[in-house]
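Work through the three exercises below with the coordinates open beside you, and try each task before reading its solution.

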Amino acid sequence: MSGFARAAASRGTSDRCKLRQTQLILFDIDGTLTRSHNGFIPFNEAILKTFGIPGDIRTVVPDGNTDPLILEEIFATAHLDVDITEESWQAFTKNLQESYSHAIREGLTRITPLPGVPELIKELATVKGLCQGVVTGNLEVTAQLKLDAAGLRPYLNLGAYGSDSRDRFDLPRIAKERWEKKMGCSLAPDQCVVVGDTPKDLDAARKNHMRCILVGTGRYPVEELAFFKPDACLSDFKDTEIVVTMLELT
Ligand SMILES: [Mg+2]
C-alpha cells in the first residue's frame, strides 16, 4: 500500500482534513474534469460561420493547448493563410458560444464529468482553507458551458481561460491573481496546485513555481505522465479519499 493510500485508509470519511495553510487547487477542464463527446461539431461550425472556410479541429492535437493557438494550428495544418484580427476573434468567440450552447441543448455534443469528479469536487468544497478554480485553454464562455453541462459550475467559479491569454504559461498566474484580488490576501506559488492531464499542464505549473498533480484520464496514460515527474500522479479520481489526502501531502 502506498503512503498516500495508507494515509487515506487511516482517515475516516467524517474527518475533514485541516490544511496547514490555504491552498488553491486549479483544475484543467478537458480530460481532467470532463470529457466532450462530439465537441468538434460546434468548434468547426464556429470556424465556418466566422471565417467562411471549413476548418477541422480533428486535424490537430488540442490537448493542453489554448483555443487561440488551436485555431491558428488548424489553419496552418490546412495551409490556409487566415488573418485572425481582433474583430474576427470577437466574432469567433460569439459564434463558438452560440454553437456550443445549441449543440449541448440539442444533444449533438455531450459534456460528461469524468468518474469520481463530482464527488471529489463536492468533498473538496467542504475542506476548510482549500479553494478550487480552473485553469483551462478553453475560452471563458465555453469553459462555463462545459462546467455547467457537467454540473460542476457552482463549485468552480474562479479561474483563468484561453480568452485571457493564448499562452498557457500565463494562466496559473492570472488565476492566482484573481483569487488574491477577490480574497484580499496573497498566496505563495507553492500554495497553488495545478491539476491536469497533459505534460503542458505540468510545464505551466513549473513555470509558475506551483505544484502539480497529473491524472491519466485524458490522452496520456498515467505511466507516461509519471515519466515527467509531477508532484503526484493518479490513474483517475475514483477514490476521493486518496485524492484529498494527496492534496494534503503534496
Ligand atoms: Mg486537458
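**Exercise 1.** Determine in which hand helix 2 passes helix 4, and classify the angle at which the two helices pack.

*Solution.* In this predicted model, helix 2 passes helix 4 in a right-handed crossing. Next, take the geometry: helix 2 (residues 40-51) and helix 4 (residues 86-105) pack at an angle of about 140°, their axes lying 8 Å apart. Because angles over 145 degrees count as roughly antiparallel, helix 2 is oblique to helix 4. Finally, list the residues that meet, among them Phe43 and Phe51 from helix 2 and Phe92 and Tyr100 from helix 4; sorted by class, this contact has 10 nonpolar, 4 polar and 2 charged residues.

**Exercise 2.** Establish the strand order of the open sheet, and then find the bridge partner of Leu26.

*Solution.* Begin with the order, which is 5-4-1-6-7-8 for the 6 strands, with parallel pairing. The edges are strand 5 (159-160) and strand 8 (232-234), each of which pairs on one side only. Strand 1 (residues 23-27) and strand 4 (residues 130-135) run parallel and are joined by 5 bridges, and Leu26 has Gly133 of strand 4 as its bridge partner. Helix 8 (residues 199-207) packs on the sheet, where it touches strand 6 (192-196) and strand 7 (211-215), and its direction makes about 175° with that of strand 7.

**Exercise 3.** Locate Asp239 and decide on its exposure.

*Solution.* Asp239 sits in the loop between strand 8 and helix 10 (240-249). Since 18 other C-beta atoms lie within 10 Å, Asp239 is partly exposed, given that a residue is buried at 20 or more and exposed at 12 or fewer.

Note on methods
Residues numbered from 1 in each chain as written. Predicted model: local features only at pLDDT ≥ 70, side-chain atom pairs only at ≥ 80, totals over all residues. Pairing = 2+ DSSP bridges. Helix = DSSP H or I, 4+ residues; strand = E, 2+ residues; numbered from the N terminus. Contact = placed C-beta atoms within 7 Å. Axes fitted to C-alpha atoms, helices over the stretch in contact; angles between N-to-C directions. Parallel < 35°, antiparallel > 145°, perpendicular 65-115°, else oblique. Left-handed = near helix turned anticlockwise from the far one by under 90°. Nonpolar A, V, L, I, M, F, W, Y, C, P; charged D, E, K, R; others polar.
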